Amino acid sequence: MHYLFEAEEHAAIRQTMRRFAQAQIAPNSAEWEEAEEFPLELYKAACDAGIVGVGYPEAVGGQGGDLSHIIVASDEMVIAGRSVGVVVGLGSHGIALPPIIRFGTPDQQARFVKPCLAEGKIAALAVTEPGGGSDVANLATRAVRDGDAYVVTGAKTFITSGTRADFVTCAVRTGGAGHGGISLLVIEKGTPGFTVSKKLRKTGWWASDTAELHFDGCRVPVANRIGPEHGAFPMIMMNFAAERLMLAGQCVAIAELAYRESIAYARERQAFGKPLTGFQVTRHKLADMASRIAAARALTGEAVVRVLKPGGDLQAAGLAAMAKNVGTDMCSFVCDQAVQIHGGYGYMRETLVERLYRDARLYPIGGGTREIMNEVIAKTEGY
Ligand SMILES: Cc1cc2nc3c(=O)[nH]c(=O)nc-3n(C[C@H](O)[C@H](O)[C@H](O)COP(=O)(O)OP(=O)(O)OC[C@H]3O[C@@H](n4cnc5c(N)ncnc54)[C@H](O)[C@@H]3O)c2cc1C
């Protein structure tokens with residue numbers, strides 16, 4: 001089943017994605033996940049195949065389209081590529097570039113956006129800090145103005161593509177306490193004082209790299225500031241809303257893949273002289289999985305359509321938070337059931353659903369936790 005909003009151009013994107021993912025990712029997915037990385041050349045190959053720029057304006061090097069195209073592209077890439085780690089690693093520009101596209105100068109777009117969408121440069125978003133990720137308004141990384149530069153001191157952690165990124169879109173404190181003192185700076189690899197820790201080891205998403213970044217008196221040109229000084233908090237929140245819808249979409253894709261694997265296994269595996277699908281309890285497990293996937297897909301699709309409508313920005317935060325929590329809960333349930341249907345094989349590293357089960361654990365945490373989503377919903381609902 002596809003999203004109800006899908007039109008002809010979405011079908012074309014699915015076809016391109018499927019072709020790329022089946023040829024370039026799927027044959028290597030298990031190996032790259034175990035190796036905890038994928039080749040750097042894949043970024044360029046993805047650009048050449050025209051898939052990195054899906055959903056971004058042609059004026060900045062993209063293929064055109066919107067969030068609905070991004071979600072469909074990632075759905076197909078997860079299902080056909082069978083590596084969530086590769087999809088989120090290849091896709092880190094999806095959270096790093098939008099503030100530059102929306103609020104950056106033409107010069108910033110030429111220097112940072114085009115090279116990512118068209119040439120395979122790598123971008124990451126750095127908001128979370130070792131001292132805390134949920135309380136964004138109180139982030140501590142300091143940027144002090146000194147002539148035509150900011151001097152940045154602090155640290156960021158859990159940054160997707162952090163070790164490989166050519167630049168990071170980084171949230172820093174340029175002003176006083178709270179949300180009114182935050183700015184976004186693009187900090188480039190190789191800037192003196194900017195160092196990257198070794199890759200962090202994680203429960204899932206193995207093929208993607210995740211890193212801690214350190215800034216020690218790092219001079220960043222004022223020309224790299226995105227939008228007004230101290231004005232980044234609303235940009236970060238807007239970016240979060242789109243990210244959360246993308247994460248909800250990933251939950252739908254991961255669950256769909258786990259569901260398909262489970263049907264295939266249940267048809268083939270025999271117990272007590274019949275296939276697992278011969279037991280009503282297995283069929284009901286699969287039916288529950290299918291129903292919850294359909295419900296999460298419907299909500300995610302509806303949220304995307306509403307957000308893309310004129311004025312949809314105003315509803316985005318609450319809808320995205322709802323879609324993310326519903327997607328997250330659904331994905332955790334479906335992957336757990338998928339492991340159960342696979343029995344002992346479901347617990348083995350050679351089995352795809354074992355990996356998907358671990359990948360699924362990220363979603364109630366990353367991009368804003370399940371608890372913070374409920375805070376957002378309570379606020380937007382007005383209680
Ligand atoms: C694999 C991975 C990739 C990531 N990629 C990125 C990235 O690319 N860029 C980036 O900036 N960040 C990234 N993150 C960070 C992620 O967004 C944060 O982990 C997340 O926002 C939570 O922050 P925290 O880990 O500091 O938890 P904390 O903020 O310390 O929260 C700990 C617990 O307390 C709860 N809690 C906190 N405040 C409240 C409250 N007010 N009410 C109720 N409960 C509360 C939380 O829900 C959570 O359960 C990534 C994380 C992971 C694991």
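# Reading a predicted model, feature by feature

Modeller: Start with Ser-161, which is found in the loop between E3 and E4. Those labels are DSSP runs numbered from the N terminus: helices are H or I with at least four residues, strands are E with at least two. Keep in mind that this is a predicted model: local features need pLDDT of at least 70, side-chain atom pairs count only at pLDDT 80 or more, and totals for chains, interfaces and linings use all residues. Residues are numbered from 1 along each chain as its sequence is written, and side-chain values use heavy atoms, with hydrogens and water left out.

Biologist: What is the phi of Ser-161?

Modeller: General idea: most residues other than glycine have a negative phi. Ser-161 is not a glycine, yet its phi is positive, about 70 degrees.

Biologist: Is Ser-161 buried or exposed?

Modeller: Accessible areas come from the Shrake-Rupley method with a 1.4 Å probe, and for residues only the protein chains shown count as cover. Buried means under 20% relative accessible area, exposed means over 50%, and partly exposed is in between. Ser-161 has a relative accessible area of 1%, so the residue is buried.

Biologist: Where does His-230 lie?

Modeller: His-230 lies in the loop between strand E8 (225–226) and helix H9 (233–268). Its phi is also positive, near 65 degrees, and this residue is not a glycine either. His-230 is partly exposed, because its relative accessible area is 31%.

Biologist: Now the ligand. How many residues surround the ligand, and which are the closest?

Modeller: A residue is near a molecule if one of its heavy atoms lies within 4 Å of it. Here 20 residues surround the ligand. The closest are Gly-133, Ser-134, Phe-158, Thr-369 and Glu-371.

Biologist: Which side-chain atom of Ser-134 lies 2.6 Å from the ligand, polar or nonpolar?

Modeller: A polar contact is a pair of N or O atoms within 3.5 Å; within protein, one must be able to donate a hydrogen and the other to accept it, and residues adjacent in sequence count only if both atoms are side-chain atoms. In Ser-134, a polar side-chain atom lies 2.6 Å from a ligand oxygen. Thr-160 puts a polar side-chain atom 2.8 Å from a ligand nitrogen. Gly-367 uses its backbone: a polar atom there is 3.3 Å from an oxygen of the ligand.

Biologist: How much of the ligand's accessible area does the protein cover?

Modeller: On its own the ligand has 980 Å² of accessible area, and the protein covers 66% of that. The elements that give two or more residues to the shell are strand E1 (123–126), strand E3 (149–160) and helix H13 (370–381). E3 gives the largest share, three residues.

Biologist: What is the make-up of the shell by class?

Modeller: Ala, Val, Leu, Ile, Met, Phe, Trp, Tyr, Cys and Pro count as nonpolar; Asp, Glu, Lys and Arg as charged; the others, Gly among them, as polar. The shell has 10 nonpolar, eight polar and two charged residues.

Biologist: On to the rings. How many aromatic pairs does the structure hold?

Modeller: Rings of Phe, Tyr and Trp (its six-membered ring) pair if their centres lie within 6.5 Å; planes under 30 degrees apart count as stacked, over 60 as edge-to-face, the rest as tilted. The structure holds six such pairs. In one of them, Tyr-3 and Phe-5 have ring centres 5.1 Å apart and planes at 10 degrees, so they are stacked. Tyr-3 is buried at 4% relative accessibility, and Phe-5 is buried at 18%.

Biologist: And why is the pair of Phe-112 and Phe-167 called tilted?

Modeller: Their ring centres are 5.1 Å apart and the planes meet at 55 degrees, so the pair is tilted. Phe-112 lies in helix H8 (residues 106–119) and Phe-167 in strand E4 (residues 167–173), so the pair ties together parts 55 residues apart in sequence. Both rings belong to buried residues.

Biologist: Which residues form a cluster with Phe-38?

Modeller: Trp-32 and Tyr-43 join Phe-38 in one aromatic cluster.

Biologist: Which charged residue lies over the face of Phe-38?

Modeller: A charge sits over a ring if NZ of Lys or CZ of Arg is within 6 Å of the ring centre and within 35 degrees of the ring normal. Arg-164 lies over Phe-38, at 4.8 Å from the ring centre. Lys-274 does likewise over Phe-279, at 4.6 Å.

Biologist: Last one. How far apart in space are Pro-221 and Ala-149?

Modeller: Their C-alpha atoms are separated by 4.2 Å, with their places 72 residues apart along the chain. Pro-221 lies in strand E7 (residues 210–221).

How values were computed: Buried means under 20% relative accessible area, exposed over 50%, partly exposed in between (1.4 Å probe, protein chains only).
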